[in-house]
Amino acid sequence: MDSSGHGVGASLRRLEDDRYLEGRGRFVGDIRMPGMLEVAFLRSPVAHAEIRGIAKPGGLEHQVFAAADLTGVAGIRADSGLPGFRSSVQPVLAHDRIRHVNEPIAACVAETRARAEDLADATVLDFDTLPAVHDMLKARDPGAPLLHPGWEENVFLESGFEAGFEAATEGAPVKIRRQYRTARQCMSPMEGRGVVAYMDEQADQLVVITSTQMPHIVRNGLAECLGLDQGRIRVIAPDVGGGFGYKGILLAEEVVLGWLAMHLRRPVRWIEDRREQLAGNANCREHWYDITGYATPDGRLLAVDCEAVVDSGAYSAYPFSACLEAAQVASILPGPYKMDGFRCRTWSVATNKPAILPYRGVARTGVCFAMELVMDDLAREIGMEPAEFRRRNLVTGPEMPFVNITNKIFDSGDYVEALDRTVAALDLPALRARQAAGEPDGRLMGVGLSIFCEQGAHGTSVYSGWGIPMVPGFEQATARMTPDGGLELRVGVQSHGQSLETTLAQIANEVLGVEPRKVKLVHGDTALTPYSTGTWGSRCIVMAGGAVATACEELAGRVRKIAGTLLQADPSEILLGGGEARGPSGSVPLSEIGKVWYHRPQDLPEGVDPAGLEATKGYKTVRDTGTFSYACHAAVVLVDPGTGAVEIEQYRITEDGGVLVNPMVVDGQVRGGAAQGIGTALYEEMPYDGEGQPLATTLAEYLLPGADEVPAIPIDHMETPSPISRFGQKGIGESGAIGPPAAIGNAVNDALRPFGAAIAQVPITPERVLAALAMGEPA
């Protein structure tokens with residue numbers, strides 16, 4: 001590491017925080033432009049209907065735009081390349097059929113948002129209601145109403161995987177079968193979605209400023225829908241107040257506002273309100289599992305069999321498609337465990353709900369919940385402590401790199417050590433003794449574990465294999481030294497809470513020795529940055545970090561050449577650090593090297609690279625099958641058998657993200673994710689009634705965990721370097737959100753076990769706990 005202590009591995013305070021804490025952040029909602037109009041949408045009040053007509057308010061027809069008015073606009077299409085995929089087109093404004101509550105139908109434009117909303121209220125929608133498909137399991141029933149013409153059933157795709165299953169399960173002595181369900185959720189970043197669009201007449205460009213995780217992908221989609229060359233579209237992401245996957249898709253609203261800006265030749269803005277977000281824009285996580293585990297009496301896991309259904313909603317969301325979650329279920333369900341056989345079939349089902357989006361952790365949270373609860377039940381079935389059963393079946397450190405049964409290549413790590421560290425920190429024997437004695441207040445104490453791996457920095461081969469329309473290639477970065485020895489970095493990824501302005505500056509410091517506060521990160525603008533698929537899948541610190549390091553290494557060679565001339569030393573003798581270049585007999589500040597290149601070219605050495613102090617380089621990991629971080633989560637809970645209330649008394653995490661570029665940032669990522677995972681486990685649910693109506697459309701009904709619900713979470717870091725990334729780092733942005741539902745679920749079931757009761761669905765509400773107790777049979 002650089003001697004300044006600011007490079008890779010330093011807990012450097014976030015460079016972004018001063019701007020945010022002093023109110024100098026610039027979000028979409030902060031943007032005001034001369035002549036700007038506000039947009040509100042008329043949205044569907046029902047889940048499924050045929051549209052008969054739209055009556056615009058008299059005299060104001062020119063301010064209301066329906067689908068028929070949007071000439072030249074195509075719908076949004078996100079087709080998987082996997083065989084058997086059924087294609088759907090998402091209209092940017094519904095025009096013949098409504099397919100979910102809150103679907104946009106007309107855009108209303110006025111000088112203020114209040115007047116635009118009045119226009120929406122005055123616009124009359126005439127429709128014939130159709131039966132709603134509200135349950136993903138009933139959606140596949142014969143005779144169920146079909147969402148899309150020409151489909152044989154409400155299924156985007158059926159997929160599966162099988163290896164060694166029949167041989168592994170023949171005569172298996174221990175077998176248990178369980179069914180689990182995860183609730184539909186709404187991801188809820190502090191900042192909702194928002195869009196400003198206007199025409200830059202000089203550049204002849206449509207400029208779309210949007211709260212997004214992937215500016216270049218949004219430009220791709222806008223070009224397809226609006227029929228424009230990509231050079232005529234510029235997408236800018238300003239400061240983004242949280243994303244979690246919610247801002248990782250192309251919005252119908254982005255397309256509509258782009259068209260309005262071109263048609264009206266005035267800036268237009270739409271800011272999502274919380275009811276819009278909850279009622280129709282941000283659904284995720286709804287899974288159902290029918291899973292069977294097979295084992296031997298001495299604790300060896302033989303095989304797993306699973307059928308899984310994912311509620312994908314009405315449309316295939318661009319660019320990830322309706323099949324991302326189900327495709328992942330079949331490939332990641334085995335997790336970190338060794339087994340001889342595996343079989344999994346999945347269905348991506350269409351319902352009259354908003355399209356499912358890739359929420360933090362994507363399929364892993366549900367998969368971990370199902371797999372880890374089965375692991376606990378298998379352990380109990382054979383009379384073994386769940387921690388010991390896991391220990392006997394985890395991939396061990398000496399076996400790394402390990403190819404698992406679904407051909408995932410685990411790059412490095414020691415899962416057993418992570419488990420052992422967690423169990424030791426809990427003092428499990430003492431907890432078991434306490435459990436046997438009982439709690440003085442009559443509550444039931446339980447202990448639960450979950451362990452999982454998180455595939456991050458997915459490469460080209462992974463996404464092309466899943467048939468996803470968006471396939472990542474080389475990640476690129478541009479590094480440019482300024483005349484005063486500072487550094488400009490340009491990257492195509494977009495920060496929405498990952499601290500990229502800090503961590504990428506640390507990587508530049510590690511390679512070039514530039515002080516982090518002299519590094520300026522440029523991102524979030526398609527006109528200024530290299531192409532990138534954006535920020536998703538725990539990829540930034542591996543892929544963009546690798547690209548920054550590669551570009552800085554190229555620049556470092558050129559800097560050493562100039563410094564060698566100034567110091568009369570061989571370039572190989574020059575060391576970079578602390579903002580200067582040092583040779584055997586002296587040093588020169590980087591600012592002097594910048595001045596020589598830009599202002600005194602007569603002093604440059606012969607043979608200097610004419611490309612100068614700017615370099616754009618691309619990066620892929622050594623093997624592009626992804627890095628595998630992992631963690632062991634542990635929960636100790638207290639369950640009140642009278643009220644069903646669950647209290648988390650203790651929560652611990654042991655994680656391995658490889659080499660941590662900034663441990664403090666990692667702590668923030670993991671704890672923030674854990675808070676979201678606790679929400680999944682205990683609080684967050686978007687229920688629907690039989691007519692497809694969402695029943696939690698305000699934050700009074702949709703419960704988010706707060707400070708009182710999230711305990712202090714100690715984190716034990718293991719750092720096993722990845723052999724395939726630039727510094728040994730692994731993606732860990734989603735890890736915290738994956739483990740809590742399984743760990744808390746196992747802890748609750750451990751508490752309820754003496755009553756013969758178990759929960760099989762999250763969130764674990766008091767009502768579900770009481771229902772489980774009522775159905776249990778005390779031992």
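Start with the whole chain in view and its contacts displayed: in this predicted model, residues 24 or more positions apart account for 80% of the contacts in the protein with a separation of 6 or more. Colouring by secondary structure brings up 19 helices and 33 strands.

Still at the level of the whole protein, turn the view along the principal axes, where the C-alpha atoms fill a box of roughly 90 × 75 × 50 Å. For 779 residues a compact globule would have a radius of gyration near 28 Å, and the value of 27 Å for this protein agrees with that expectation. If you colour by burial, 63% of the 779 residues come up as buried, while a surface representation covers an accessible area of about 27,100 Å², of which 51% belongs to carbon and sulfur atoms. Colouring by charge instead picks out 70 positive and 99 negative charges, and the mean positions of these two sets are 2 Å apart.

**First stop: the aromatic pairs**

Next, show the aromatic side chains; a search of the whole structure finds 15 aromatic pairs. Select Phe165 and Tyr294, whose rings form an edge-to-face pair at 5.8 Å centre to centre, with 80 degrees between the planes. Phe165 belongs to helix α3 (residues 165-169) and Tyr294 to strand β17 (residues 287-295), so this pair ties together parts that are 129 residues apart in sequence. Both Phe165 and Tyr294 are buried.

Move on to Phe410 and Phe628, a tilted pair with 5.0 Å from centre to centre and 55 degrees between the planes. Here too distant parts of the chain are linked, since Phe410 sits in strand β21 (residues 409-410) and Phe628 in strand β30 (residues 627-639), 218 residues apart. Phe410 and Phe628 are both buried. Widen the selection to Phe402, Phe410, Tyr415, Phe628 and Tyr630, and you have a cluster that is linked by ring pairs.

**Second stop: helix α6**

Now select residues 274-281, which make up helix α6. Why can this helix be described as largely enclosed by the rest of the structure? Six of its eight residues are buried, and the description follows from that count. To see them, pick Glu276, Gln277, Leu278, Ala279, Gly280 and Asn281, the buried residues of α6. Then add the elements around them: what covers these buried residues includes the helices α2 (113-122) and α5 (252-264), together with the strands β1 (37-43), β11 (185-186), β15 (268-271) and β16 (283-284).

**Third stop: Arg86**

Centre the view on Arg86, which you will find in the loop between β4 (76-77) and β5 (89-90). Leaving aside residues up to four places away in sequence, Arg86 touches Trp151, Glu152, Glu153, Val155 and Phe156. For a sense of distance, draw a line from the C-alpha atom of Arg86 to that of Ala120, a residue 34 places along the chain, and the separation comes to 34 Å.

**Last stop: Thr550**

Finally, select Thr550 in helix α14 (residues 540-567). Is Thr550 buried or exposed? Its relative accessible area is 19%, and because buried means under 20%, Thr550 counts as buried. With residues up to four places away in sequence again set aside, the residues that Thr550 touches are Lys617, Gly618 and Tyr619, and displaying these three alongside helix α14 completes the tour.

Key. Residues numbered from 1 in each chain as written. Heavy atoms only, no water. Helix = DSSP H or I, 4+ residues; strand = E, 2+ residues; numbered from the N terminus. Rg over C-alpha atoms; globule rule 2.2 N^0.38 Å. Buried < 20%, exposed > 50% of the residue type's maximum accessible area, 1.4 Å probe, protein only. Contact = heavy atoms within 4.5 Å. Areas by Shrake-Rupley, 256 points an atom, 1.4 Å probe, with all protein chains shown as cover. Lys, Arg positive; Asp, Glu negative; His and termini not counted. Charge placed at Lys NZ, Arg CZ, Asp CG, Glu CD. Phe/Tyr/Trp six-rings, centres within 6.5 Å; stacked < 30°, edge-to-face > 60°.
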